[in-house]
Protein chains: 2
Amino acid sequence: MPSPEFFQVVPVADALALLDAHWQPQPQPETIASADALNRVLAADLHSPERAPAFRKSAVDGYAMKAADTFGASQSLPAFLQVRGELKMGEAPQDDIDAGEALLIHTGGMLPTSADAVVMVELTQAVGADEVEVMRAVAPGENVIQAGEDVAEGDLILPRGHRLRPQDIGGLLAVGVTELALLPAPRIGILSCGDELAPPGAALSPGRVRDINAYTLSALAGECGALPVRLGIAADSMDDYRRRAEAGFAACDILLLSAGSSVSARDYTRDVINGLGAPGVLQHGLATKPGKPTILAVCDNKPVIGLPGNPVSALLVARQLLPVLIARFLRQTPQLPATVRARLSQRVASVSGREDWLPVRLIESADGTPIAEPIFGKSNLIFTLVKADGLLPVPLNTGGFDAGSIVAVQPF
Amino acid sequence: MPSPEFFQVVPVADALALLDAHWQPQPQPETIASADALNRVLAADLHSPERAPAFRKSAVDGYAMKAADTFGASQSLPAFLQVRGELKMGEAPQDDIDAGEALLIHTGGMLPTSADAVVMVELTQAVGADEVEVMRAVAPGENVIQAGEDVAEGDLILPRGHRLRPQDIGGLLAVGVTELALLPAPRIGILSCGDELAPPGAALSPGRVRDINAYTLSALAGECGALPVRLGIAADSMDDYRRRAEAGFAACDILLLSAGSSVSARDYTRDVINGLGAPGVLQHGLATKPGKPTILAVCDNKPVIGLPGNPVSALLVARQLLPVLIARFLRQTPQLPATVRARLSQRVASVSGREDWLPVRLIESADGTPIAEPIFGKSNLIFTLVKADGLLPVPLNTGGFDAGSIVAVQPF
């Protein structure tokens with residue numbers, strides 16, 4: 001006979017703290033081409049192996065020369081300079097310049113050794129083929145980018161734990177760093193269990209349903225920068241469940257079990273988890289709806305989460321836990337979810353002592369604040385989430401929200 | 001001799017409107033496995049090929065029976081039901097039930113034909129091996145999920161243009177949709193031009209720099225859900241530039257040219273673009289800094305953007321244009337950039353008539369509002385962006401911001 005499930009629920013934050021107390025992630029760095037490292041996390045501090053720019057260069061199109069040659073120059077009394085030719089881009093100057101000489105140079109061009117400034121072409125006037133008038137005095141260093149002005153050799157350019165953005169990849173490549181030691185994307189194992197589950201492509205006999213948790217959880221893991229590893233469907237038998245969980249556990253950094261709906265499968269989950277390593281199950285029961293019967297465990301220094309089989313519950317609980325676990329693995333501060341201010345269309349009741357997650361539609365309104373319209377429906381209907389634009393959390397110790405309340409909806 | 005560049009600048013929004021007026025994106029749908037479709041965009045409305053759930057199922061663990069058999073039942077006067085056995089998960093009931101009978105059923109189990117309700121196990125009491133007492137009256141339909149209650153056959157489940165989330169993939173797989181017609185990710189061709197440019201892995205001779213634009217722009221395109229196609233480096237010669245641009249143009253949906261710094265390369269860019277197709281160059285000059293000399297074109301119904309060669313300018317201009325072009329291609333409304341409220345550490349001056357983009361550091365402060373500290377430096381130093389946490393736009397028609405102003409920084 002089935003027996004009702006009794007357990008002490010704890011808030012999600014407390015459950016996560018419990019995991020933290022038993023888990024020290026030890027990601028092993030891997031080497032990746034810098035060009036492929038977008039959004040990846042540095043495993044070590046990065047110092048520049050060279051300076052940038054590597055040489056003194058012009059910031060404008062103009063003439064490289066000695067600033068002193070222009071001192072006192074003006075529109076009415078221009079300085080005359082002898083033009084020694086034009087610098088070809090990508091080459092070092094063939095000759096140096098002497099006092100009274102200039103070299104035609106382009107933006108980014110390398111300055112001759114004795115030049116200490118560049119005058120913009122707009123402030124000059126060509127005179128014949130090889131002379132130029134400079135209409136203004138130019139200060140030493142004007143329009144010159146000094147060697148090492150962007151970054152010096154040995155400078156710390158990015159710290160361990162930094163997540164790489166497009167400009168970071170540019171900066172690293174600019175100083176010749178073409179490979180990086182990065183934290184690995186955590187592998188999230190996902191195992192479903194239940195005799196009623198069939199792969200999505202299979203024909204369904206009556207009483208069976210398609211296993212969608214493997215795919216919603218994979219997508220969620222991918223969105224968080226992790227690598228989902230789908231481990232298939234275990235039968236409702238202790239042997240098969242244990243065998244598949246053990247194999248999957250060895251191949252991943254975080255394991256999600258999505259237990260079937262039957263009581264036996266639920267009972268198996270605790271035992272299967274405890275068999276994976278110490279300390280095993282730390283908490284059974286979260287003060288969140290949906291998702292109350294979630295199991296949290298650490299086995300042999302890897303988090304293992306027993307999610308409800310119900311697809312809505314599994315996804316909404318995983319959404320609260322997985323981004324935080326992935327961030328911890330990558331030594332990042334978990335990001336707070338983005339929120340949209342909205343006006344609630346109707347009263348929402350809630351039971352104190354648990355956090356409710358309510359799917360809502362967001363509807364544009366004349367005053368610019370969207371209307372949040374709750375989508376009611378049995379909590380195991382996945383299309384309540386497909387129809388939703390976001391989730392409204394109703395916090396632990398409130399009785400709900402009144403109609404017209406301004407609430408913070410999390411787009412989802 | 002180089003001549004200064006004169007052109008009429010227009011605000012970025014106006015330039016984008018000009019592109020829109022000459023560009024009708026015609027993405028050709030492609031078929032992709034639903035499991036791989038996260039963040040992809042539906043090419044057509046999607047109707048459900050079947051109902052879900054496919055059969056009437058129990059929402060709880062309990063006993064399936066006829067509700068009428070429990071009418072009047074109470075703690076003190078329970079209803080007695082004969083238990084006909086236990087439904088195995090994933091199977092159809094072998095027998096129907098008669099009046100006075102019940103079937104032990106688990107969450108998600110398929111109801112026998114004549115059952116119209118399920119009583120939760122918590123409200124029952126087993127009596128011997130095959131009888132159960134029900135302590136409460138149960139209403140018809142209670143704890144039953146009707147066939148088609150989640151979605152009916154033929155229902156519009158997701159509209160054309162919808163970007164797929166984890167729950168959408170779940171919903172689609174739940175009704176057996178394993179393949180989808182999706183809009184293709186736009187291919188963004190990226191061609192750099194300039195004799196001074198070397199690939200990042202190459203050894204540098206004096207006067208040469210590494211081509212980083214190809215990589216910063218690839219990363220930006222990837223972040224926006226597009227497929228970057230790196231087209232290499234063209235020499236500072238009209239022939240090579242044109243040949244590579246033409247080949248790349250044929251293989252992409254949007255072409256970015258990052259012109260070298262030399263005047264000749266800049267001059268070539270207009271001609272190369274105009275050679276790619278009509279109408280050609282639409283606008284030369286944006287009221288934005290950095291990025292003023294940007295060229296916008298549509299050639300043969302594809303946008304072509306001539307970006308400055310300066311890596312900072314190229315990235316900051318592309319960041320203003322590319323997400324919008326990619327959204328248009330995918331028939332999405334471009335998203336406004338996220339912003340963080342911050343307090344400006346010092347006065348920032350700006351010239352009216354152009355929008356300035358200033359890299360800033362964000363520094364935590366005691367009152368919770370971060371301090372935005374401008375990073376000054378010559379605008380072609382990529383490490384000004386590497387050191388930045390975000391960008392502060394100083395709008396077109398302001399003279400800047402005073403120290404202590406509350407400003408909206410765009411994390412970047």
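**Close-up views of a predicted two-chain model**

**Figure 1. Polar contacts between chain A and chain B.** Between chain A and chain B, 20 residue pairs are in polar contact, both partners having pLDDT 80 or more. The structure shown is a predicted model. On the side of chain A that touches chain B, at least two residues each come from β10 (144–145), β11 (156–158), α2 (166–174), β15 (209–210), α3 (213–223), α5 (263–274) and α7 (383–386) of chain A. The most is given by α2(A), which contributes 8 residues to this side. By residue class, the side of chain A that touches chain B comprises 40 nonpolar, 16 polar and 21 charged residues.

**Figure 2. Extent of the contact and the area it buries.** Chain A brings 77 residues to the contact, and chain B likewise brings 77 residues. About 6400 Å² is buried between chain A and chain B, with carbon and sulfur atoms giving 66% of this area. Which three residues supply more than any other three of the area that chain A buries against chain B? They are A:D150, A:Q167 and A:F383, which supply 11% of that area.

**Figure 3. Relation between the two copies.** Chain A is superposed on chain B by a rotation of 180 degrees with 0.0 Å of shift along its axis, at an RMSD of 0.1 Å. The two copies are thus related as by a two-fold rotation axis. Which residue of chain A comes closest to the rotation axis? It is A:A338, whose C-alpha lies at 4.7 Å from that axis. Of the interface residues of chain A, 100% are also interface residues in chain B, so the copies meet through the same surface.

**Figure 4. Salt bridges across the interface.** The rule finds 4 salt bridges across the interface of chain A and chain B, and a search of the whole structure finds 30 over all chains. Side chains of opposite charge can pair when their charged atoms come close. One salt bridge joins A:K88 to B:D195, with the closest N and O atoms 3.2 Å apart. This pair crosses between chains: A:K88 is in the loop between β5 (79–86) and β6 (101–105) of chain A, and B:D195 is in the loop between β13 (187–193) and β14 (197–198) of chain B. A salt bridge is also formed by the side chains of A:D195 and B:K88, at 3.2 Å from N to O.

**Figure 5. Fold and dimensions of chain A.** Chain A contains 7 helices and 28 strands. Its C-alpha trace spans about 105 × 55 × 45 Å along the principal axes. How does the radius of gyration of chain A stand against that of a compact globule of 412 residues? Chain A has 32 Å, whereas such a globule would have a value near 22 Å.

**Figure 6. Backbone features of note.** Most residues other than glycine have a negative phi, and most peptide bonds are trans. A cis peptide bond joins A:A52 and A:P53, with omega about -10 degrees. The proline of this pair, A:P53, is in the loop between β2 (46–47) and β3 (57–58) of chain A. In chain B, B:A278 and B:P279 are joined by a cis peptide bond with omega about -5 degrees. B:P279 is placed in strand β18 (residues 279–284) of chain B. A:N143 is not a glycine, yet has a positive phi of about 60 degrees. The location of A:N143 is the loop between β9 (131–134) and β10 of chain A.

Terms used
Residues are numbered from 1 along each chain as its sequence is written. Chains are lettered from A and ligands numbered from 1 in the order in which they are written. This is a predicted model: local features need pLDDT of at least 70, side-chain atom pairs count only at pLDDT 80 or more; totals for chains, interfaces and linings use all residues. Side-chain values use heavy atoms; hydrogens and water are left out. Contact means heavy atoms within 4.5 Å. Buried area is the accessible area (1.4 Å probe) that two parts lose on being put together, summed over both. A polar contact is a pair of N or O atoms within 3.5 Å; within protein, one must be able to donate a hydrogen and the other to accept it, and residues adjacent in sequence count only if both atoms are side-chain atoms. Helices (H or I, at least four residues) and strands (E, at least two) are DSSP runs, numbered from the N terminus. Ala, Val, Leu, Ile, Met, Phe, Trp, Tyr, Cys and Pro count as nonpolar, Asp, Glu, Lys and Arg as charged, and the others, Gly among them, as polar. Copies are superposed by least squares on the C-alpha atoms of residues with pLDDT of at least 70 in both. The radius of gyration is taken over C-alpha atoms; the globule rule is 2.2 Å times the number of residues to the power 0.38.
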